[in-house]
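Please open the structure in a viewer and keep the sequence panel visible beside it. The tour below proceeds by selections, each followed by a description of what is found there.

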Amino acid sequence: MTPDLLEQGARRVEAHSAVLTGLNNTESGGRNASTGRVATPGEVDVSHGRILYLEDVSVSFDGFKAINKLSLDIAPGELRCIIGPNGAGKTTMMDIITGKTRPDEGTVFFGSTIDLLRYKEAEIAQLGIGRKFQKPTVFEQLTVFENLELALKTHKGVKSSMFFKLDSQQGDRLAEMLVTIQLAGSVNRLAGNLSHGQKQWLEIGMLLMQDPKLLLLDEPVAGMTDEETARTAELFLTLKGRHSLMVVEHDMSFIRTISEIVTVLCDGAVLAQGTLDQVQADERVIEVYLGR
Ligand SMILES: Nc1ncnc2c1ncn2[C@@H]1O[C@H](COP(=O)(O)OP(=O)(O)OP(=O)(O)O)[C@@H](O)[C@H]1O
Ligand SMILES: [Mg+2]
């Protein structure tokens, strides 16, 4: 990162801060913050061909280096798969990107100008980074429609949700989303009555309603049936290009269906990177992860 880029970055960060301060000045105060979802996807400078950039990032927990000089970047519109053994640091990496965990050292940029280490978790969501945790977190007592509507409200930062009415464009988007996440036939069902896979799709739909630039998904197909997994693969392939995605998974057949570049993490750093065939043929990867 050149000094003038950093300076430009600092200026843009100031501008973003102003926007974010304004946003939080609503009656609801921390409502956006409390959901942790994307509210205002700002402009992200991807002119250098990277939407996410990590360099020499490290974090220790009680002296144990969970992330150890990790460097990685992701191109705009890319669907990057991350694999690696348990404890490799995959979830911790997502915690760092989303501001949940502060690294001890290193650089984390969103586009070439937004220094994510200067932001809090809720602000990072507002900048346009959505995150899907492993366990589905939908509102079980609300219908599928209401869940999606709520995501949109949160996105708009509406002062009082009582007075929120979908306009026709938003209604169209919501209808389109129902088709995308294959829940058009379940629009009035309570989210609590959906299958595990459907809940996962609903949550992904809620994140997408907020139009994130970058979406981080931690083990999205864990616990899904084979059919649900196949449908999820289809969904991710349709999202690629429109969003940048980082997908952590242990399910290799799922990875095979969706992957272009696969990054293998081990001991908090990148062990190997390439197509799935390339990394599967790598002796070091076989040794630590895939087995013989
Ligand atoms: N908050 C924390 N405090 C202490 N140790 C932690 C914390 N978060 C993660 N760790 C440790 O850091 C290491 C990396 O954990 P992490 O959850 O990132 O692995 P992972 O690659 O996501 O593994 P899995 O595939 O099992 O989900 C582990 O040894 C874990 O115990
Ligand atoms: Mg994990």
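The stops that follow lead from the confidence of the model through its strands, a helix and a ligand to several single residues.

**Confidence**

Begin by colouring the protein chain by pLDDT. The model is predicted, and the mean pLDDT of the chain is 85, with 82% of its residues at 70 or more. Next select residues 1-41, where the pLDDT is below 50. Beyond near neighbours in sequence, this stretch has 64 contacts in the model.

**The four-stranded sheet**

Select strands β1, β2, β4 and β5 together. They form an open sheet in the order β2-β1-β4-β5, and the pairing is antiparallel. Its edge strands are β2, residues 64-74, and β5, residues 114-115, each of which pairs on one side only.

Now restrict the selection to β1 and β2. Seven bridges connect these two strands in the antiparallel sense. To see one position in this pairing, select L52 and I74: L52 stands opposite I74 in β2. The two strands form a hairpin with two residues between them, and D62 in this hairpin has a positive phi near 50°.

Turn next to the pairing of β1 with β4. Strand β1 covers residues 52-61 and strand β4 residues 105-110; they are antiparallel and share five bridges. Select E55 and T107 here, since T107 in β4 is the bridge partner of E55.

Remain in β1 and select D56, which is found in this strand. Although D56 is not a glycine, its phi is positive, at about 50°. Is D56 buried, exposed or partly exposed? It counts as partly exposed because it has 13 C-beta neighbours inside 10 Å.

**The helix across the sheet**

Add helix α3, residues 90-97, to the view. This helix lies across β1, β2 and β4, and runs at about 65° to β2. Why can α3 be described as largely enclosed by the rest of the structure? Seven of its eight residues are buried, so the rest of the structure largely encloses the helix. The buried residues to highlight are K90, T92, M93, M94, D95, I96 and I97. After α3 comes G99, which has a positive phi near 85°.

**Ligand 1**

Centre the view on ligand 1 and display the residues around it. These are F61, A66, G84, N86, G87, A88, G89, K90, T91 and T92. Which element gives the most to this shell? It is α3, which contributes three residues. Colouring the shell by class shows three nonpolar, six polar and one charged residues.

**Strand β9 and its partners**

Leave the ligand and select strand β9, residues 262-266. Five of the five residues of β9 are buried, so this strand too is largely enclosed by the rest of the structure. In a regular strand, side chains alternate between the two faces of the sheet. In β9, V262, V264 and C266 point one way, while T263 and L265 point the other way; all of them are buried.

Bring in strand β3, residues 79-83, which runs parallel to β9 and is joined to it by three bridges. A pair to pick out is I82 and T263, as I82 stands opposite T263 in β9. Then add strand β10, residues 269-274. β9 and β10 run antiparallel and are joined by five bridges. Here L265 stands opposite V270 in β10. These two strands form a hairpin with two residues between them, and D267 in the turn has a positive phi of about 50°.

**Two loop residues**

Select Q182, in the loop between α6 (168-180) and α7 (196-209). Q182 is not a glycine, yet its phi is positive, at about 60°. With 17 C-beta neighbours inside 10 Å, Q182 counts as partly exposed.

Finish at R242, in the loop between α8 (226-239) and β8 (244-248). R242 counts as exposed because it has 11 C-beta neighbours inside 10 Å. Now select P76 as well and display the distance between the two C-alpha atoms. R242 and P76 are 166 residues apart in sequence, and their C-alpha atoms are 8.7 Å apart in space.

Terms used
Residues are numbered from 1 along each chain as its sequence is written. Chains are lettered from A and ligands numbered from 1 in the order in which they are written. This is a predicted model: local features need pLDDT of at least 70, side-chain atom pairs count only at pLDDT 80 or more; totals for chains, interfaces and linings use all residues. Two strands pair if DSSP finds at least two bridges between them. Two residues are in contact if their C-beta atoms, placed from the backbone, lie within 7 Å. Axes are lines fitted to C-alpha atoms, for helices over the stretch in contact, and angles run from 0 to 180 degrees between N-to-C directions. A residue is near a molecule or strand if its C-beta atom, placed from the backbone, lies within 6 Å of it. Ala, Val, Leu, Ile, Met, Phe, Trp, Tyr, Cys and Pro count as nonpolar, Asp, Glu, Lys and Arg as charged, and the others, Gly among them, as polar. A residue is buried if 20 or more other C-beta atoms lie within 10 Å of its own, exposed if 12 or fewer, and partly exposed in between; C-beta atoms are placed from the backbone. pLDDT is the predictor's confidence in each residue, from 0 to 100.
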